[in-house]
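User: Hi! I'd like to learn how the labels used for a protein model are decided. Could you show me the structure and take me through some of them?

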Amino acid sequence: MGTSLYVRLLLYTRSNLDCGRELHHHRPASQPLFNLTRPTAFVIHGYRPTGAPPIWVDHLVHLLAEQRDMNVVVVDWNKGAANLNYFTAVSYTREAAYNLTGFLVTMQEGGASLSSVHLIGVSLGAHLAGFVGANLKGKIGRITAFGLQGAHGHIDFYANGGADQPGCPKTIFAGKSYFVCDHQRSVFLYLCALNRTCSLTGYPCSSYSDFLEGRCLQCETFKPASCPVLGYDLSQWRETLLRLRQTRVFFSTTAALPYRKLNYRVDLVTWNQYLRWGVVYIRLHSGRNFTEVRIDHKRLRFEQYTSTRLLAQFDEDLQPVHKISMRINTGNVIGPRYKIRLLRIRFTPLERPERPLMCRYDIILEENMEVAFRPLPCSSHL
């Protein structure tokens with residue numbers, strides 16, 4: 001099985017991390033470093049208009065080899081991907097997939113198990129990986145897809161909703177980075193997770209907007225484990241994910257390393273005479289430093305005896321929290337300032353269960369005015 005499109009397969013192992021060895025498509029065992037009894041990860045790049053190798057490939061190869069003793073095979077399909085016409089490159093993905101499928105069949109005939117194969121595809125490489133999985137009737141052990149919209153695997157991680165990424169250019173005038181930044185961010189998040197410099201928890205949800213509205217902050221489905229964390233080892237969530245068949249999880253990031261936001265679930269109980277609508281500003285203070293979040297993806301409704309749940313995502317993790325300040329901005333600039341009474345406010349750190357919950361009781365806010373308070377342990381009702 002194969003096509004006229006030349007696909008080069010470069011093998012890396014712990015014995016040759018800095019110099020890949022080319023594998024023969026029809027005689028893979030002729031390369032002595034290629035051990036068919038080991039698990040094998042295939043790294044598949046995407047669209048390469050200039051033909052230059054992706055900047056992340058070497059880093060990913062080294063980090064994968066650190067996770068376990070495995071074969072790492074870089075799938076170089078530049079003969080198809082390096083094309084100024086994007087749609088021509090798209091048309092070559094099926095040819096390249098047919099070629100790689102043939103190699104996997106040869107591996108299987110040589111004694112390798114398809115269940116120990118992991119395909120890692122970026123952008124068009126993710127489509128290619130999907131085609132290989134379909135060609136082999138879903139027998140591939142694992143497929144990780146980066147830079148794709150829509151659901152594709154047992155679990156799909158959506159950073160910032162899967163679209164525009166923080167810090168990436170918003171206009172075409174930024175040049176090449178406008179086209180590659182959003183796609184590459186997903187790879188950099190994976191690299192960050194593999195080298196354990198960031199910990200990114202995804203929350204199962206139907207949409208990113210529902211996640212931002214605080215509707216999807218429960219992890220009971222995965223107990224005793226937490227919600228899934230982006231990374232290589234998903235074994236503690238494997239059985240649940242297989243049972244659910246397809247899970248979409250969402251998280252938000254900052255624009256730069258270590259990418260992680262500090263997430264709090266904020267539960268409010270309001271008791272005010274008049275219905276008010278507004279957006280919420282919250283600051284956490286530690287000494288002279290503070291970090292602020294503006295919760296404004298939709299206007300919130302505050303009325304008599306109403307429970308409201310918010311997701312507050314801070315860019316910095318300041319500890320210990322000495323003071324919290326809060327403002328509800330209603331946009332009202334004329335007429336009297338209405339008061340909003342909070343019977344209770346509770347802050348629950350989502351990814352730091354060892355940290356105490358923070359509460360405060362019976363606070364009076366004037367709309368558009370900031371009020372500060374010292375958080376109390378939630379067992380106290382002072």
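Analyst: Happy to! Let's begin with pairing: two strands pair if DSSP finds at least two bridges between them, and strands themselves (E, at least two residues) and helices (H or I, at least four) are DSSP runs, numbered from the N terminus. With that rule, four strands make an open sheet in the order β12-β11-β14-β17, with antiparallel pairing. This is a predicted model, where local features need pLDDT of at least 70 and side-chain atom pairs count only at pLDDT 80 or more, while totals for chains, interfaces and linings use all residues. Residues are numbered from 1 along each chain as its sequence is written, and side-chain values use heavy atoms, with hydrogens and water left out.

User: What makes β12 and β17 the edge strands?

Analyst: Each of them, β12 (289-302) and β17 (371-373), pairs on one side only.

User: How do you know that β14 and β17 pair?

Analyst: Three bridges link β14 (residues 323-329) to β17 in the antiparallel sense, and the rule asks for at least two. In one example, serine 325 has alanine 372 in β17 as its bridge partner. Likewise, β11 (residues 276-286) is joined to β12 by 10 bridges.

User: Why is the contact between aspartate 69 and arginine 38 called a salt bridge?

Analyst: A salt bridge needs a side-chain nitrogen of Lys or Arg within 4 Å of a carboxyl oxygen of Asp or Glu. Here the N to O distance is 3.9 Å, so the pair meets the rule. By this rule the model has 16 salt bridges.

User: Why is arginine 38 called buried or exposed?

Analyst: Buried means under 20% relative accessible area, exposed over 50%, and partly exposed in between (1.4 Å probe, protein chains only). Arginine 38 has 18%, so it is buried. Its partner aspartate 69 has 38% and therefore counts as partly exposed.

User: What about aspartate 317 and arginine 355: what makes them a salt bridge?

Analyst: Their closest N and O atoms are 2.9 Å apart, so they also satisfy the rule. Aspartate 317 lies in the loop between β13 (306-314) and β14, and arginine 355 in the loop between β15 (339-349) and β16 (358-366), so the pair ties together parts 38 residues apart in sequence. Arginine 355 is buried because its relative accessible area is 16%, whereas aspartate 317, at 35%, is partly exposed.

User: And why is phenylalanine 87 called buried, partly exposed or exposed?

Analyst: Phenylalanine 87 has 64% relative accessibility, so it counts as exposed. This residue sits in helix α3 (residues 86-109).
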